[in-house]
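Subject: Structure handover and notes

Dear colleague,

I am passing on the structure we spoke about, together with my notes on it. Please have it open while you read.

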Amino acid sequence: EGKHPGYVSSIKILEPKEENEDKHRALLITYKVDANHETLHGRSKTEYKTMPLMAVQEDGSMSFATSKDADHASYLKQRIMQLGVPESMLEDVALEDLEGTPVYFTVGKRGKYINVIEVCTRDDEVLPTAEHVNNLI
C-alpha cells in the first residue's frame with residue numbers, strides 16, 4: 001500500500017470470452033515500480049477498467065447502453081486523463097503511446113482487494129506524445 005514512483009509498463013484491451021454473458025471489454029493497465037526504488041523495485045500492479053458498451057438509438061445516434069456504461073466511460077476518461085492525456089486528445093491517443101508514461105501510483109485496500117486508487121504523472125519527466133488515432137471509448 002502507499003504511493004509509488006513508477007511507469008505504465010503495459011496497457012491493453014481484454015476481450016470478453018464468448019461464453020460470458022457480460023460482453024464488456026476491459027482496459028488493463030499495469031504499473032511497475034521504478035528499478036531504483038529501495039524496497040519495491042520491479043514490483044507491479046495491474047488495474048482493470050471496464051469499457052462501456054454503446055447502443056444505437058432509433059434516430060441512428062450512438063449512446064451508452066446503460067447508465068452504468070456512462071459511469072464506466074467516466075472512470076476510464078478520468079484515468080486516461082490522469083496519465084497526462086488532455087481531454088481534447090482523448091480520441092487521438094493510441095494505447096501504445098501511454099506505455100512508458102512516468103507516474104506516481106497509489107494502491108490501497110478497498111473492500112477486500114488492494115487496488116490502484118490514484119495515478120498522477122510525474123511532471124518532472126517527459127511524457128509520450130500521441131501520434132496515432134485510436135478512439136479508446
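The notes below go through the fold, the salt bridges, the largest pocket and a surface patch.

This is a predicted model, in which local features need pLDDT of at least 70 and side-chain atom pairs count only at pLDDT 80 or more, whereas totals for chains, interfaces and linings use all residues. Residues are numbered from 1 along each chain as its sequence is written, and side-chain values use heavy atoms, with hydrogens and water left out.

The chain holds 2 helices and 7 strands, and from the N terminus on these elements run β-β-β-β-β-α-α-β-β. Helices (H or I, at least four residues) and strands (E, at least two) are taken as DSSP runs and numbered from the N terminus. Of the 137 residues in the chain, 33% are buried; here buried means under 20% relative accessible area, exposed means over 50%, and partly exposed lies in between, with a 1.4 Å probe and protein chains only.

A search of the whole structure finds 5 salt bridges, each being a side-chain nitrogen of Lys or Arg within 4 Å of a carboxyl oxygen of Asp or Glu. One of them joins E47 and R79, whose closest N and O atoms are 2.7 Å apart. This pair links distant parts of the chain, since E47 sits in strand β3 and R79 in helix α1, 32 residues apart. E47 counts as buried because its relative accessibility is 6%, and R79 is likewise buried, with a relative accessible area of 4%. Salt bridges that share partners join E47, K49 and R79 into one network, and within it K49 pairs with E47 at 3.8 Å between the closest N and O atoms. K49 is buried as well.

Another salt bridge is formed by the side chains of E15 and R25 (3.6 Å, N to O). Both residues lie in the loop between β1 (2-14) and β2 (26-33), so the pair ties together parts that are 10 residues apart in sequence. E15 is partly exposed at a relative accessible area of 48%, and R25 is partly exposed at 31%.

The charged network also brings us to the largest pocket, where E47, Y48, K49, R79 and V116 lie nearest the centre among the 17 lining residues. About 420 Å³ of space lies in this pocket, a volume being the space filled by probe spheres set on grid points that are joined across faces, edges and corners. A pocket is, on a 1 Å grid over the protein atoms alone, an open set of points where a 1.4 Å probe fits, with protein on both sides within 12 Å along at least five of seven lines, and lining residues have an atom within 4 Å of a point. β3 (44-50), α1 (67-82) and β7 (113-121) each supply at least two residues of the lining.

On the surface, M54, V56, M62 and F64 make a nonpolar patch of about 380 Å². Such patches are made of residues with over 30% relative accessible area and no salt bridge, with nonpolar side chains (Val, Leu, Ile, Met, Phe, Trp, Tyr) joined within 5 Å and like charges within 9 Å. β4 (54-56) and β5 (62-64) each give two or more residues to the patch. M54, placed in strand β4, counts as partly exposed at 37% relative accessibility.

Best wishes

Note on methods
Areas by Shrake-Rupley, 256 points an atom, 1.4 Å probe, with all protein chains shown as cover.
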